[in-house]
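Subject: Structure handover

Hello,

Here is the structure we talked about. Please open it alongside this note; my findings follow below.

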Amino acid sequence: MVQPIVKHKIVKKRTLKFKRNQYDRKIAVKESWRRPKGIDSRCRRKFRGVTVMPNIGYGTNKKHRHILPNGFLKFVVHNVQDLELLLMHNRKYCAEVAHNVSSNKRKAIVERAAQLNIAVTNGKARLRSEEDE
């Protein structure tokens, strides 16, 4: 099993989701975030003790952005030739087979990735149907 060169400890500044202001008071207001735009809105004016708004300060560190929990960066693969691009970068990137690749080509991609020592995130997808036959 191939391991990433560096496994960063991912630090999240905030793990809670940003919820819409007054979603718990009104049935019509859903939980998904929308920016408050009212002229008297306490939330928009950033009063203390009111719902916090998302801003750039909550962003992830640039070095750790887009890193999967397994420590790799994702690279979407559509065919076997795309795997050759990852040959020298197999400790930084892992392959993810595109959703629209057939099970036959998918099997070939997974086999070639094993030969090149490239990690595949969704390597077991769509294999069950062939085993049943």
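Start at Gly57. Gly57 is partly exposed, at 41% relative accessible area; partly exposed means between 20% and 50%, buried is under 20% and exposed is over 50%, with a 1.4 Å probe and protein chains only. Gly57 sits in the segment before strand E1 (73–77). Its C-alpha lies 20 Å from that of Arg42, and the two residues are 15 apart in sequence.

A word on the source. This is a predicted model, in which local features need pLDDT of at least 70 and side-chain atom pairs count only at pLDDT 80 or more, while totals for chains, interfaces and linings use all residues. Residues are numbered from 1 along each chain as its sequence is written, and side-chain values use heavy atoms, leaving out hydrogens and water.

Overall layout. The chain has 3 helices and 2 strands, in the order β-α-β-α-α. The radius of gyration is 22 Å, well over the 14 Å that the globule rule gives for 133 residues, so the chain is more spread out than a compact globule. That radius is taken over C-alpha atoms, and the rule is 2.2 Å times the number of residues to the power 0.38. Helices (H or I) are DSSP runs of at least four residues, strands (E) of at least two, numbered from the N terminus. The C-alpha trace spans about 60 × 40 × 20 Å along its principal axes. Buried residues account for 23% of the 133.

The cores. The largest nonpolar core has 11 residues, among them Val77, Leu86, Ala95 and Ile109. Strand E2 (93–97) and helix H2 (103–115) each supply at least two of its residues. A second, separate core has 5 residues, including Leu68, Phe72, Cys94 and Ala119. A core here is a set of buried Ala, Val, Leu, Ile, Met, Phe, Trp, Tyr and Cys residues joined through side-chain atoms within 4.5 Å. Leaving aside residues up to four places away in sequence, Ala95 touches Phe75, Val77, Leu83, Leu86, Ile118, Ala119, Val120 and Thr121; contact means heavy atoms within 4.5 Å.

Two backbone oddities. Most residues other than glycine have a negative phi. Gln22 has a positive phi of about 65°, and His66 has a positive one near 70°. Gln22 lies in the segment before E1, as does His66. Gln22 is partly exposed at 33%, whereas His66 is exposed at 65%.

Best regards
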